[in-house]
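Visitor: I am new to this structure. Could you walk me through it in short questions and answers?

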Amino acid sequence: MKVVMTKTWPALDETLKDMLTTDEYDFTKCMKMADLGCSSGTNTLLVISHIIENLSKLQEHAPREIQVFLNDLPDNDFNNLFKLMSTNTNTNTNTKNNIECYIYGAPGSFYGRLFPNNTLHFAYSSTSIHWLSQIPQGLEKNNKENIYIATTSPPHVFEAYSKQFERDFTTFLKLRGEEIRGSGRMVLGFLGRSVADPTSKDEFKPYTLISETLSDMVSEGLVKEDDLHSFNIPIYGPSVQEIEAAVESEGSFNLDKMEFVFVPNMGRQRRLQQL
């Protein structure tokens with residue numbers, strides 16, 4: 001995931017520089033930001049270090065202090081995450097670049113409220129927003145051997161996934177619109193696709209290969225057929241049109257920039273949003 005995350009950094013750096021060099025905020029005191037879907041590994045520390053390093057380059061525009069809220073589901077290993085920090089930073093404070101950084105855990109689903117109104121200046125997320133809040137309703141056993149949308153999936157399977165993403169992403173935008181201050185920003189990087197019709201091109205070959213492997217295991221008696229037929233992964237890679245429509249319809253943010261990034265060694269695409 002590191003290679004995907006670093007693909008978002010040009011947009012991240014550009015956004016932070018634009019925010020801090022305008023007169024919208026007085027960042028001489030404290031800037032508050034959140035990493036949504038932070039996980040629990042070293043990549044989380046890499047993001048924080050990158051942000052601090054680039055903020056310090058802004059010299060007189062750089063904030064003296066930043067608060068970083070690390071968000072993920074409650075069963076995320078926050079204990080491991082903070083243990084890593086204790087061995088990689090000076091407690092909660094990074095003084096190398098003359099910016100004091102205070103880090104907090106914020107467990108909970110980003111499809112629910114996480115912060116009080118107008119708390120954050122900035123929110124960032126990498127490879128998380130494509131995870132849905134639940135398996136789309138109405139799939140039951142209609143997707144058969146597929147565990148995700150495939151070229152052989154019935155039309156109503158795609159519709160179920162698309163509607164679930166629309167509900168979830170609209171909810172995400174609405175809630176962040178309440179939590180982020182006026183003129184605040186977000187940078188989001190997540191799975192996407194290059195075609196409007198997901199059944200016209202198999203852009204998620206890894207999931208197709210997993211489906212085929214599970215079908216072989218059914219034939220060998222290692223997996224029950226009913227279990228495979230009822231299993232669907234709760235992720236969705238939206239098209240450009242779906243992202244634009246959701247942002248415009250919900251109305252809390254303006255879509256400043258959207259880039260399409262192909263990651264060859266992963267065999268799949270990611271969408272990068274700056275909102």
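Visitor: How many aromatic pairs does the structure hold?
Guide: This is a predicted model. Rings of Phe, Tyr and Trp pair if their centres lie within 6.5 Å. By that cut-off, the number of aromatic pairs in the structure is eleven.

Visitor: Is the pair of Phe110 and Phe172 stacked or edge-to-face?
Guide: The ring centres of Phe110 and Phe172 are 5.6 Å apart. Their planes meet at 85°. Planes over 60 degrees apart count as edge-to-face. The pair of Phe110 and Phe172 is therefore edge-to-face.

Visitor: How many residues apart in sequence are the parts that this pair ties together?
Guide: Phe110 sits in the loop between β3 (100–107) and β4. Phe172 belongs to helix α5 (residues 155–179). The pair therefore ties together parts whose separation in sequence is 62 residues.

Visitor: Is Phe172 buried or exposed?
Guide: Buried means under 20% relative accessible area. Phe110, its partner, has 9% and is buried. Phe172 has 0% relative accessibility, so Phe172 also counts as buried.

Visitor: Which residues do ring pairs link into a cluster?
Guide: Phe110 and Phe172 form a pair, and both belong to a cluster. Ring pairs link the members of that cluster. They are Phe110, Tyr111, Tyr148, Tyr161, Phe165, Phe169, Phe172, Phe190, Tyr207 and Tyr236.

Visitor: What distance separates the C-alpha atoms of Thr171 and Ala246?
Guide: Thr171 lies in helix α5. Its relative accessible area is 31%, so Thr171 is partly exposed. Thr171 and Ala246 are 75 residues apart along the chain. Their C-alpha atoms are separated by 9.9 Å.

Visitor: Which element gives the largest share of the lining of the largest pocket?
Guide: The largest pocket holds about 540 Å³ of space. Elements that give two or more residues to its lining are α3 (42–56), β2 (65–72) and β4 (120–126). The largest share is four residues, and it comes from α3.

Visitor: Which lining residues lie nearest the centre of the largest pocket?
Guide: The lining has 26 residues. By class, ten are nonpolar, 14 polar and two charged. Nearest the centre lie Gly37, Ser39, Asp72, Thr127 and Ser128.

Visitor: Which residues line the second largest cavity?
Guide: A search of the whole structure finds four cavities of 30 Å³ or more. The second largest has a volume of about 40 Å³. By class, its lining has seven nonpolar, no polar and one charged residues. The residues are Met33, Ala34, Asp35, Val47, Ile48, Ile51, Val68 and Tyr124.

Visitor: Which elements give two or more residues to the lining of that second largest cavity?
Guide: Ile48 is one of the residues in this lining. Two elements appear here: β1 (30–36) and α3.

Visitor: What is the phi of Asn118?
Guide: Asn118 lies in the loop between β3 and β4. At 46% relative accessibility, Asn118 counts as partly exposed. Asn118 is not a glycine, yet its phi is positive, at about 55°.

Visitor: Where is Lys144 found?
Guide: Lys144 is a residue other than glycine with a positive phi, near 50°. Its relative accessibility is 44%, so Lys144 counts as partly exposed. Lys144 is found in the loop between β4 and α5.

Visitor: What percentage of the residues of the protein count as buried?
Guide: The protein has eight helices and seven strands. It has 275 residues. Those that count as buried make up 49%.

How values were computed:
Residues are numbered from 1 along each chain as its sequence is written. This is a predicted model: local features need pLDDT of at least 70, side-chain atom pairs count only at pLDDT 80 or more; totals for chains, interfaces and linings use all residues. Side-chain values use heavy atoms; hydrogens and water are left out. On a 1 Å grid over the protein atoms alone, a cavity is a set of points where a 1.4 Å probe fits but cannot get out, and a pocket is an open set with protein on both sides within 12 Å along at least five of seven lines; lining residues have an atom within 4 Å of a point. Grid points are joined across faces, edges and corners, and a volume is the space filled by probe spheres set on the points. Ala, Val, Leu, Ile, Met, Phe, Trp, Tyr, Cys and Pro count as nonpolar, Asp, Glu, Lys and Arg as charged, and the others, Gly among them, as polar. Buried means under 20% relative accessible area, exposed over 50%, partly exposed in between (1.4 Å probe, protein chains only). Rings of Phe, Tyr and Trp (its six-membered ring) pair if their centres lie within 6.5 Å; planes under 30 degrees apart count as stacked, over 60 as edge-to-face and the rest as tilted.
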